[in-house]
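Dear colleague,

I am passing on the structure we discussed, and I would be grateful if you could look it over. My notes on what was found in it follow directly below.

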Amino acid sequence: MTAYPSWTPASRPGIVPLHPYGFGTILGRSFVALRHNPKVLLGFALVVQAVAYIVVTAAIAGVAIASFSRLDTVPYGSDDYDAIIAGSIALTAIAALVLGILSGVLGVVVQGIVVAEVAHAVVAEKPSLRAVWARVRPVFWRLVGYSALTVGAVVLLVGVLAGIVALLVIAATWVGALVGVLFFLALIPLYLWLTPKLFLVPSVIILERAPVFRAIARSWQLTRGRFWSTLGVVVIISVVFGVVAQIISLPLSLFGGFVPSIIAPTGESGAGAVVGLIVVQVVGQFGILLVQCIALVVQSTSAVLVYVDARMRVEGLDHDLQSYVEARDSGAAELSDPYLVGVGRVVERPAPVPYGAPPAFAGYGPPAGNAGYGAPATGGYAAAPRGYAAPQGRPVPGYAPSAPAAAPTPPPYAAPVTAPAPQAYPAPPVPPVAQDSPAAPPAPSAPDRAQTTWAAPGSNGDA
């Protein structure tokens, strides 16, 4: 007996189709991914960013209060006063820098969690936070190293340029100011050029488990030929959330300016006005923090989708993902990670067929040309049969029929070809008649039908 496989339902769709997609899909599905697993994508990101923001703000405020409170113990304008205020400013700045770097590490954790979760969402999986962190944990320090590398490069570049500008300002103020403006304008296109090139580095580190410098090279390679679409995704998301943050912060700032006059209309400042102002500022900062968290999630999601689309087009990742989904839904166990199957391979996809052109099949080619037929004419018309001129049609945009290589193109106005006249064959010769040959016997004459009578058989013919 033949065992037929049992029926299995259709595979669940992920957040993106398992085939190469375009710019609109990347941009739209980056926002849709928030609804796929909001507890991991939005809840975790919001909690981590909120805790980091509160801790960093409280720590910087505590350091500032502790350092500047020493000014009350020394007289104003003394040497000790100037030394204490300079030390307090430096100590507060160092604390802000260190705490900012630590909060940036937490931002790297959020970005890694988002990348791993969206990679599961592409194949219609909704893992728990523990499962997602298990995928990020082995490469966590690589993410931190990449973030430290980028921050160090930015600080070094800005420091060198700032030192050059400072020396020029000391020599000539207007020259230093002009060079500083030129440096600032030059940093804008540099940032816009490097951002798309390095946009996929976190995705490569997490999904391919690559080292930092190899991930940079892979991101540079995968974004080749996709610079403008990647830059468009980054710019649109940044502009959209920047506008949303301004929409939230501007009304609250205006309202915060009216709070003291509303609470204390007589102009006497009291505890109520201060509390009201603090509440307004906290609410505004929390709204901006929420927008920043969503922006981080959406931008990280778009980076994963750009990475998946690039590998689909270059390495055939869509086939690996489809095979993984089919095997998983059929009940197979111990499946390989589809993102590690075809890393680095090159898949040649067939070029799109122009509109109106016949499809090219293996082992098939256009006929070389038969007797009595010419090569195709320009403009999409076939050549006319023998004896007619080919029409001069207007070329059709986007359609260029290919003519056989061996057949020459006929002239635009061919003279009609006249069919050859049938050949006349000579009559056979008549043999001559010899003089001494006997004359031919005369032909029998036809009987006279008027004198012929008819009689029945056996009767007398004279009757």
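A residue is called exposed here when its relative accessible area is over 50%, and buried when that area is under 20%. By that cut-off Lys-39 counts as exposed, because its relative accessibility is 68%. Please keep in mind throughout that this is a predicted model.

Lys-39 belongs to helix H2, which covers residues 38–68, and its C-alpha atom is separated by 8.5 Å from that of Leu-129, although the two residues are 90 apart along the chain.

As for the overall architecture, the protein chain has 11 helices and 0 strands, and of its 463 residues 30% count as buried. Among contacts with a separation of 6 or more, 72% are accounted for by residues 24 or more positions apart.

The UniProt record, an unreviewed entry, carries the annotation "transmembrane region" for residues 40–69, 89–122, 143–168, 174–194 and 227–248. I compared two of these stretches with the model. Over residues 40–69 the chain is 97% helix and 0% strand, with the end C-alpha atoms 42 Å apart, while over residues 143–168 the chain is 100% helix and 0% strand, with the end C-alpha atoms 38 Å apart.

Leu-168, which lies in helix H5 (residues 140–171), is partly exposed, because its relative accessible area is 27%. Leaving aside neighbours within four places in sequence, Leu-168 is in contact with Thr-173, Gly-176 and Val-179, and its C-alpha atom is separated by 9.2 Å from that of Gly-180, 12 residues apart along the chain.

Turning to the interior, the largest nonpolar core has 64 residues, and those with the most contacts inside it are Ile-15, Val-122, Leu-305, Tyr-307, Val-308, Leu-321 and Tyr-339. Helix H10 (residues 271–315) supplies the largest share of this core, namely 12 residues. Tyr-339 touches several residues beyond four places away in sequence, including Val-122, Tyr-307, Val-308 and Leu-321, and also Arg-135, Glu-208 and Arg-311.

Ser-302 also lies in helix H10, and this residue counts as buried because its relative accessibility is 0%. Not counting neighbours within four places in sequence, Ser-302 is in contact with Ile-26, Ser-30, Phe-199, Val-233 and Ile-237. Two of these partners, Ile-26 and Ser-30, are among the buried residues of helix H1, together with Leu-27, Ala-33, Leu-34 and His-36.

Helix H1 (residues 23–36) has 14 residues and reaches 20 Å from its first C-alpha to its last, close to the 20 Å expected at 1.5 Å a residue; there is nevertheless a kink of about 35 degrees in H1, centred on Ser-30.

Helix H11 (residues 317–329) has 13 residues that should span 18 Å at 1.5 Å a residue, and its end C-alpha atoms are 18 Å apart, so the span agrees with what is expected. The buried residues of H11 are Leu-317, Asp-318, Asp-320, Leu-321, Tyr-324, Val-325 and Arg-328. Seen down the axis of H11, these buried residues fall within an arc of 160 degrees, and they therefore line one face of the helix. H11 is followed by Gly-331, whose phi is positive, near 100 degrees.

With best regards

Key:
Residues numbered from 1 in each chain as written. Predicted model: local features only at pLDDT ≥ 70, side-chain atom pairs only at ≥ 80, totals over all residues. Heavy atoms only, no water. Core = buried A, V, L, I, M, F, W, Y, C linked by side-chain atoms within 4.5 Å. Buried < 20%, exposed > 50% of the residue type's maximum accessible area, 1.4 Å probe, protein only. Helix = DSSP H or I, 4+ residues; strand = E, 2+ residues; numbered from the N terminus. Contact = heavy atoms within 4.5 Å. UniProt positions renumbered as here; feature names shortened; annotations may be inferred. Expected span 1.5 Å × (residues − 1). Bend = angle between axes of the 7 residues up to and from the residue. Arc of directions from axis to C-beta.
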